Amino acid sequence: MLYDAVLLDRDGTLIEDVPYNGDPEKVRPVPGARAALDRLRAAGLRLAVVTNQSGLARGYFTGEQMRAVHARVEELLGRFDAWLVCPHDDADGCDCRKPAPGLVYAAARELGTTASRCVLVGDIGRDVGAALAAGAAGVLVPTPVTRPEEVAAAGWVATDLPAAVAEILRRQQAVQPATPPTAPVRTALVVRSDSAGDVLVTGPAIRAVAAGAERVVLLCGPRGRAAANLLPGVDEIIEHPLPWIDPTPGPVDPEAMRSLTARLGAVGADQAVVFTSFHQSALPLALLLRMAGIDRIAAISDDYPGSLLDIRHRVPVGVPEPERALSLAAAAGHRLPDGDEPVLRLRRDAVPQRPADLGDPGYVVLHPGSAASSRACPPEVATRIVGALTDAGHRVLVTGGPDERAITARVAAAGGTDLGGRTDLAGLAAIVADARAVVVGNTGPAHLAAAAGVPVVSLFAPTVPFGQWGPYRVPTIRLGDAAAPCRDTRAASCPVPGHPCLAGVDPDEVVDALRTLAVSGGGSR
Ligand SMILES: [Zn+2]
């Protein structure tokens with residue numbers, strides 16, 4: 001299951017917002033709240049309220065009045081398993097006032113679970129920010145007071161509380177197989193083409209398939225091969241480019257397709273699960289798999305598949321890629337075994353020792369580049385970020401691929417250590433795993449950080465939805481202009497002069513984000 005608990009903001013989410021209300025008589029639930037909460041309770045989810053009440057600090061009402069309000073809320077909406085209140089004001093600098101993650105951590109503790117197994121529903125950016133900073137999921141239910149930029153930045157938006165609850169329960173259900181596989185699976189062929197990040201986010205789904213099959217063979221492309229090597233549950237890898245998936249494909253070579261078909265046939269798979277992004281088609285490969293003699297094929301396809309698929313799965317937009325893939329695995333009869341959390345993970349034996357000359361753990365990794373330049377941090381911004389982090393007492397390692405050496409050298413000159421071109425993906429995973437935090441765009445290393453449980457300051461270009469591609473189940477703070485004109489264009493190179501989505505990032509925002517994530521210069525995580 002994805003979630004143990006649902007955390008709810010109070011004012012504007014559960015009840016109508018009456019500023020600094022100390023009067024139980026003024027409590028008015030939002031429409032449909034009681035029935036929605038009862039659906040969650042019936043599904044076995046625990047409920048907590050997480051609420052900023054700076055009116056306490058300001059003396060607008062007493063603790064006793066607040067407790068009377070909460071008693072009235074429970075009278076109208078039923079019991080909550082925990083109430084977590086921040087009594088402070090912004091000026092107090094506490095770690096519990098949302099968007100700080102403290103209340104989310106405290107609620108998870110009190111409910112006997114972890115933040116990553118919680119989903120928080122709130123009406124403003126502070127709520128979603130607190131959820132993400134703790135590694136929880138966050139659902140925004142906008143009201144007239146919600147600012148448009150808060151709506152743009154949220155990865156998951158619902159029209160009202162009942163709709164948020166319906167989608168939480170739907171996502172929870174979607175990763176559970178309705179029925180086990182119709183016949184035992186000896187060899188499963190799983191397919192995930194495209195780049196390292198795509199392969200990494202498919203990891204949980206591949207582990208789910210591996211839990212239900214004796215042997216897993218993964219077909220990946222050349223750009224995803226290094227990531228495929230890192231995935232638990234994979235017994236064998238076939239590497240082959242797919243011209244209907246690759247961004248700069250060569251012409252279709254009939255001989256190469258014939259030899260791929262023969263190779264896929266030789267796998268002897270009794271089931272194939274074809275993972276794709278929403279704009280990619282699984283059908284050309286499904287045809288090759290049919291020609292290779294595989295007779296149980298599952299894939300997500302909005303396009304009519306005719307007889308190419310046995311399981312045609314469909315997923316609404318906005319679902320995080322790891323869950324989207326897990327739901328396909330579930331449709332094919334597979335689920336993660338108990339105890340295997342639906343998080344990104346890497347094979348321990350595939351990640352090497354970190355080079356000794358990098359000194360102690362506890363540095364911050366800044367990875368300015370990306371295979372798609374539209375998602376890279378502008379070098380001048382990255383340079384100023386290194387300067388600001390160094391001034392704040394952080395030790396900064398600047399990482400990048402062999403073709404990014406010029407950029408990493410320039411960026412690191414502001415005070416960091418230049419590791420450009422020094423590591424392959426596995427070596428980078430080792431360096432990321434010992435970082436206190438990673439500052440990175442929407443690119444592979446963000447998912448390496450998620451797999452290592454290392455907090456991410458995400459410089460996220462909105463070319464694709466944050467809710468689908470943001471770092472998964474790891475403490476994250478999103479920076480950058482989510483409403484920039486490149487939004488949802490899927491552009492590989494920025495279509496807007498000046499790369500405005502990330503050019504406006506203020507280096508001090510990165511320093512503040514690290515503080516919110518409890519990553520301090522010279523301190524411990
Ligand atoms: Zn507080």
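Colleague: What makes strand 6 and strand 7 (residues 213-220) a pair, and in which sense do they run?

Modeller: Strand 6 and strand 7 are joined by seven bridges in the parallel sense; two strands pair if DSSP finds at least two bridges between them, so this pairing meets the criterion. The strands themselves, like the helices, are DSSP runs numbered from the N terminus (H or I over at least four residues for a helix, E over at least two for a strand). This is a predicted model, in which local features need pLDDT of at least 70 and side-chain atom pairs count only at pLDDT 80 or more, while totals for chains, interfaces and linings use all residues. Residues are numbered from 1 along each chain as its sequence is written, and side-chain values use heavy atoms, with hydrogens and water left out.

Colleague: Which residues stand opposite Val191 in strand 7 and in strand 9?

Modeller: Leu219 stands opposite Val191 in strand 7, and the bridge partner of Val191 in strand 9 is Val274. Strand 9 (residues 271-275) runs parallel to strand 6, with five bridges between them.

Colleague: Why is strand 6 (residues 185-192) called mostly covered?

Modeller: Seven of the eight residues of strand 6 are buried, where buried means under 20% relative accessible area, exposed means over 50%, and partly exposed lies in between (1.4 Å probe, protein chains only). Strand 2 can be judged in the same terms: six of its seven residues are buried, so it is largely enclosed by the rest of the structure. Strand 2 pairs with strand 1 in the parallel sense over four bridges, and Leu47 in strand 2 is the bridge partner of Val6.

Colleague: Is Asp194 buried or exposed, and how do you know that?

Modeller: The relative accessibility of Asp194 is 11%, so Asp194 counts as buried. Asp194 is found in the loop between strand 6 and helix 8, and its phi is near 80°, a positive value in a residue other than glycine. Most residues other than glycine have a negative phi, and most peptide bonds are trans.

Colleague: What makes Asp488 partly exposed?

Modeller: Asp488 has a relative accessible area of 46%, so Asp488 falls between the two cut-offs. Asp488, in the loop between strand 17 and helix 19 (500-503), also has a positive phi, about 60°, although it is not a glycine.

Colleague: Why is Lys98 called buried, and which residues is it in contact with beyond its neighbours within four places in sequence?

Modeller: At 2% relative accessibility Lys98 is under the cut-off, and it therefore counts as buried. Leaving aside neighbours within four places in sequence, Lys98 is in contact (heavy atoms within 4.5 Å) with residues including Asp9, Asn52, Leu103 and Asp127. Lys98 lies in the loop between strand 3 and helix 4, as does Pro99, and the peptide bond that joins Lys98 and Pro99 is cis, with omega about 20°.

Colleague: What covers the buried residues of helix 4?

Modeller: The cover of those residues includes strand 1 (5-8), strand 2 (46-52), strand 3 (82-86), strand 4 (118-122) and helix 5 (125-133). The buried residues in helix 4 (residues 102-110) include Gly102, Leu103 and Val104, and just after the helix Gly112 takes a positive phi of about 75°.

Colleague: Why is helix 17 (residues 444-452) called mostly covered?

Modeller: Eight of the nine residues of helix 17 are buried, and those buried residues pack against several elements, among them helix 16 (425-433), strand 15 (437-441) and strand 16 (456-459). Gly453, which follows helix 17, has a positive phi near 70°.

Colleague: What makes strand 14 (417-418) and strand 17 (476-479) edge strands?

Modeller: Six strands form an open sheet in the order 14-13-12-15-16-17, with parallel pairing, and strand 14 and strand 17 are its edges, each pairing on one side only. Within this sheet, three bridges join strand 12 to strand 13 (residues 396-398), and Leu366 stands opposite Val398 in strand 13.

Colleague: How do you know how compact the chain is, set against a globular protein of its length?

Modeller: The secondary structure comes to 20 helices and 17 strands. The radius of gyration of the chain is 24 Å, close to the 24 Å that the globule rule gives for 525 residues, so the chain is as compact as a globular protein of that length; the radius is taken over C-alpha atoms, and the rule is 2.2 Å times the number of residues to the power 0.38. Buried residues make up 57% of the 525.
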